[in-house]
Amino acid sequence: MLKPPKLHLNLQSFNWGFQTGATLDIAKSVVLRLDACAVFIPNVSNNTSYFDAAADGSGFPSFIIGNPSSATIIQWNINLGLLINLGKRNK
Amino acid sequence: MKSITFLLVFLISFRFSAISQSNLQVLVSGGPTFTPKIKYNNSAGYISTVVTGSLGLVYRPVSTFGFELKFSDLSHPTSYLKNDTSNTVKIYTTSQIVLQRILAGFNYYLPLKSIKPFLGVITGATYAQTTQTAPQSSII
């Protein structure tokens with residue numbers, strides 16, 4: 001069985017989330033930051049470029065799965081980083 | 001016209017001065033992003049765990065409150081759909097994707113001395129694009 005050719009189109013989706021973390025001053029103008037973030041991307045259909053389907057839905061294997069459906073994608077992100085102060089610092 | 005130009009220059013220089021006197025920070029960070037199983041009707045979606053790099057700006061007008069704007073790039077996760085009845089679904093839907101997002105929000109910093117914990121809310125947009133499909137040799 002040959003894989004049908006697909007258009008590699010893109011998709012922009014609204015997202016929102018929460019984040020929490022902590023900062024620690026390690027130098028006069030450098031701050032260490034550790035944070036964790038949960039991002040929610042609501043109503044993402046499974047016949048989109050997230051799963052190798054074109055914007056018109058072509059490439060979606062509906063003959064096996066049936067009709068496309070939507071769900072919320074949740075992504076958890078843990079970051080370690082640096083903050084560099086550009087101006088006067090608030091104490 | 002001359003007075004408007006003068007006023008404009010005055011306002012811009014005043015604004016730059018205000019920013020330089022405030023707590024503006026550049027954020028550079030990185031770490032893993034995990035995506036739990038996505039539950040669709042008749043199938044489940046999977047996006048692999050990848051490293052995310054972020055670049056942003058944090059503006060803190062006061063020590064306990066900050067605005068944040070950041071751009072994040074997930075390094076080409078692999079995504080696919082899967083169902084229990086046929087492995088063909090995974091073959092048809094496996095691809096590498098570009099996932100990028102821009103987020104804006106605000107944080108509340110607890111007023112502690114050394115380590116400053118914070119809580120925040122963010123919102124924005126995610127951009128997804130297919131970059132590479134599964135090789136033809138893997139297709140049944």
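Me: Where does B:Asn42 lie?
Reply: In this predicted model, B:Asn42 sits in the loop between β2 and β3 (43-47) of chain B.

Me: What is its phi like, positive or negative?
Reply: The phi of B:Asn42 is positive, at about 65°, although the residue is not a glycine. Most residues other than glycine have a negative phi.

Me: Is B:Asn42 buried, exposed or partly exposed, and why?
Reply: B:Asn42 is partly exposed because 17 other C-beta atoms lie within 10 Å, and partly exposed means a count between the limits of 12 or fewer for exposed and 20 or more for buried.

Me: Which residue in the loop between β5 and β6 of chain B should I look at?
Reply: B:His76 is found in that loop, which follows β5 (65-74). B:His76 is not a glycine, yet it has a positive phi of about 50°. With 14 C-beta neighbours inside 10 Å, B:His76 counts as partly exposed.

Me: Changing topic, how many residues of each chain are in contact with the other chain?
Reply: On chain B there are 66 such residues, and they are in contact with 52 residues of chain A.

Me: Which element of chain B gives the most to that side?
Reply: Strand β8 (residues 115-133) gives the most, with 18 residues. The side of chain B that touches chain A is made up of 28 nonpolar, 34 polar and four charged residues.

Me: What can you tell me about B:Gly124 in that strand?
Reply: B:Gly124 lies in strand β8 of chain B and touches A:Asn15 of chain A, as well as B:Arg101, B:Ile102, B:Leu103 and B:Ala104, leaving aside residues up to four places away in sequence. From C-alpha to C-alpha, B:Gly124 and B:Arg101 are 7.2 Å apart in space, while 23 residues apart in sequence. B:Gly124 counts as partly exposed, with 19 C-beta neighbours inside 10 Å.

Me: In what sense do β3 of chain A and β1 of chain B pair?
Reply: Strand β3 (residues 70-85) of chain A and strand β1 (residues 23-34) of chain B pair in the antiparallel sense, over eight bridges. One bridge partner is B:Ser29 in β1(B), which is matched with A:Gly81.

Me: And the largest nonpolar core, which residues touch the most other members?
Reply: Among its 20 residues, A:Tyr50 and A:Phe51 do. Two or more residues each come from β2 (30-45) of chain A and from β2 (38-40), β6 (78-82), α2 (88-93) and β7 (95-109) of chain B. The largest share, four residues, comes from β2(A).

Me: What is the general tendency for nonpolar side chains?
Reply: In soluble globular proteins, nonpolar side chains tend to be buried together.

Definitions and conventions:
Residues are numbered from 1 along each chain as its sequence is written. Chains are lettered from A and ligands numbered from 1 in the order in which they are written. This is a predicted model: local features need pLDDT of at least 70, side-chain atom pairs count only at pLDDT 80 or more; totals for chains, interfaces and linings use all residues. Two residues are in contact if their C-beta atoms, placed from the backbone, lie within 7 Å. Ala, Val, Leu, Ile, Met, Phe, Trp, Tyr, Cys and Pro count as nonpolar, Asp, Glu, Lys and Arg as charged, and the others, Gly among them, as polar. Two strands pair if DSSP finds at least two bridges between them. A nonpolar core is a set of buried Ala, Val, Leu, Ile, Met, Phe, Trp, Tyr and Cys residues joined through C-beta atoms within 7 Å.
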